[in-house]
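User: Could you take a close look at the largest pocket and tell me what lines it?

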Amino acid sequence: TLSLRVFGKDKHSLEVREKGGSIIVENTFDEDRMLYLTYMTTSVSSQKVYPKVQVTLYQNGKAFLDKGKGVVIDPYHEDHADGRHVTRTTAIGNVPSQSQVEIRIQPLESTLAPF
């Protein structure tokens, strides 16, 4: 399940719980567009906060990238050892023009916070 979390007036996120979740996006352009996902990370030297996840794109009920394997994201960064949470962006795959895709996000481990 995806849950909206509001931190303040202009601060919010979509959280993915342990059972995973999905969201549908539409590419209204006349050409394929790369889909990017931005997420929070913590330092590799601190305690792991966010879970590793598998992100798979589906169209018409079928996975269509990398033979259905999707992209695995391990949300950590090597930039700081001070425990800060920073964002990182990963390319997930091309969304065909004039189409909708379902983005399924499945946590692969349990951690302190949701993805």
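Analyst: Here's a walk around the largest pocket, followed by the sheet that shares a strand with its lining.

This is a predicted model, where local features need pLDDT of at least 70, side-chain atom pairs count only at pLDDT 80 or more, and totals for chains, interfaces and linings use all residues. Residues are numbered from 1 along each chain as its sequence is written, and side-chain values use heavy atoms, with hydrogens and water left out.

The largest pocket holds about 560 Å³ of space. A pocket here is an open set of points on a 1 Å grid over the protein atoms alone, where a 1.4 Å probe fits, with protein on both sides within 12 Å along at least five of seven lines; lining residues have an atom within 4 Å of a point. Of its 20 lining residues, Ser 13, Leu 14, Tyr 39, Met 40 and Phe 115 sit closest to the centre. By class, you get 15 nonpolar, three polar and two charged residues (Ala, Val, Leu, Ile, Met, Phe, Trp, Tyr, Cys and Pro are nonpolar, Asp, Glu, Lys and Arg charged, the others, Gly among them, polar).

Strands S1 (2-8), S2 (11-16), S4 and S10 (99-107) each give two or more residues to that lining; strands are DSSP E runs of at least two residues, numbered from the N terminus. S4 brings the largest share, five residues.

S4 also belongs to an open three-stranded sheet, ordered S8-S4-S9 with mixed pairing (a pair takes at least two DSSP bridges). S8 (76-77) and S9 (86-95) are the edges, each with a single partner strand, so one side of each has no neighbour in the sheet. S4 (33-43) and S9 run antiparallel, joined by nine bridges, and Thr 38 stands opposite Thr 89 in S9.

How values were computed. Helices (H or I, at least four residues) and strands (E, at least two) are DSSP runs, numbered from the N terminus. Grid points are joined across faces, edges and corners, and a volume is the space filled by probe spheres set on the points.
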